[in-house]
Amino acid sequence: SQANFEEDSQKQPAVGRWKTLMPSKGSREESETGCQDAGGADETQSTEQLNVSRLRSSSVEIREKGSEFLKEELHKAQKELKLKDKECERLSKVREQLEQELEELTASLFEEAHKMVREANTKQAASEKQLREARGKIDMLQAEVTALKTLVITSTPSSPNRELHPQLQSPSKAVFRKGHGRNKSTSSAMVSAASQNVTPEPVSHECKEVDSILFAEFQAWKESPTLDKSCSFLDRIYREDVGPCLDFTKQELSELVRVAVEQNTLTIEPVASQTLPVVKVSAEECGGPKKCALSGLPRTCKHRIMLGDSGNYYYISPSCRARITAVCNFFTYIRYIQQGLVRQDVELMYWEVMRLRREMSLAKLGFYPSEM
């Protein structure tokens with residue numbers, strides 16, 4: 001092929017391949033101008049290409065950085081989602097546990113409530129049974145009281161029934177036993193008269209009128225009965241009746257008698273033909289069958305007293321016995337009122353108290369039944 005080309009070149013002249021060795025001035029300027037234009041265009045084109053390449057590289061770099069940032073954010077978000085999922089699972093377990101505990105607590109509360117209701121019903125049934133038994137006992141006691149009422153209706157402190165009270169009989173008729181019989185600071189007739197709601201025997205041809213002050217004091221005491229002598233009702237009776245009635249010549253022994261009466265520890269018993277020996281106290285203090293230990297006067301003493309469980313006996317005259325018995329009757333009656341054993345109208349109880357006060361007044365003035 002190269003040979004063919006050489007032959008062609010030799011046969012045909014090359015047209016347009018001649019170059020001017022020495023170009024003219026005009027052609028030189030044109031060539032220079034063209035070269036400058038071509039160089040400026042190339043420089044502009046290269047600058048633009050450079051700028052484009054820089055833009056492309058920066059955009060690629062931005063994409064890469066943005067992609068990396070997004071990947072990191074995505075990774076963080078995934079971690080946070082995992083943590084939140086774990087927290088949700090934990091909270092769900094806690095909620096389920098709380099719901100289970102709440103159900104168990106509710107069940108236990110219901111069970112405890114049912115148990116308490118059952119126990120309350122059992123206690124109520126037992127209480128009702130006890131109440132029925134107590135009412136039965138009360139009815140039985142009331143029947144016994146009614147039966148005893150027929151026996152003691154004729155016996156009063158002022159005129160006791162000697163058949164019901166053998167200690168009041170003469171020593172020749174009474175059977176004396178070794179030891180002594182207690183009646184706990186009371187003449188036995190007062191017990192039945194107070195507990196059986198026996199209406200006091202009216203005094204013949206006697207008019208009565210309620211004292212408003214005394215009745216008001218008694219009503220106030222009856223609302224809350226007490227043996228405390230600081231209340232106005234008992235304070236008046238202590239000053240006007242009990243104190244003077246138990247004020248004997250022997251002051252020390254009188255005080256002991258008063259304390260024994262208040263504490264319900266005084267014993268009165270008749271003197272037998274052969275009395276027990278007196279110990280621990282001199283004969284001067286105890287008196288004797290012919291001398292009263294409280295008044296110190298020579299009197300025939302048919303009864304003797306013992307204070308508590310001391311074992312010491314003191315001989316007392318009939319007048320002193322009447323005074324002590326009157327006070328004992330009063331204290332016995334107000335004790336029965338305090339214990340709720342006297343079921344009478346307030347006015348009837350008031351008049352019984354007034355009658356007992358009159359007995360104390362008469363006794364402290366020296367009046368007493370001949371049977372004493």
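**After α8.** I looked at what follows helix α8 (helices are DSSP runs of H or I, at least four residues, numbered from the N terminus) and found G340, whose phi is positive, near 75 degrees. I am reading a predicted model, where local features need pLDDT of at least 70, side-chain atom pairs count only at pLDDT 80 or more, and totals for chains, interfaces and linings use all residues. Residues are numbered from 1 along each chain as its sequence is written, and side-chain values use heavy atoms, with hydrogens and water left out.

**α8 itself.** I checked the span of α8, residues 318-338: at 1.5 Å times one less than its number of residues, its 21 residues should cover 30 Å, and the end C-alpha atoms are indeed 30 Å apart. I then found that 19 of the 21 residues are buried, meaning under 20% relative accessible area with a 1.4 Å probe, protein chains only (exposed is over 50%, partly exposed in between).

**Cysteines.** I searched for disulfides (two cysteine sulfur atoms within 2.5 Å) and found zero. For C301, the nearest cysteine sulfur belongs to C292, 5.2 Å away. The sulfur of C320 is 3.5 Å from that of C292, too far for a bond. C320 is buried, at 4% relative accessible area.

**α4.** Which residues of α4 are buried? I noted L214, F215, E217, F218 and W221. They cover an arc of only 160 degrees (from the directions from the helix axis to the C-beta atoms), so they lie on the same side of α4. On the face turned away, I found S212, I213, A220 and E223 exposed.

Technical notes
Helix = DSSP H or I, 4+ residues; strand = E, 2+ residues; numbered from the N terminus.
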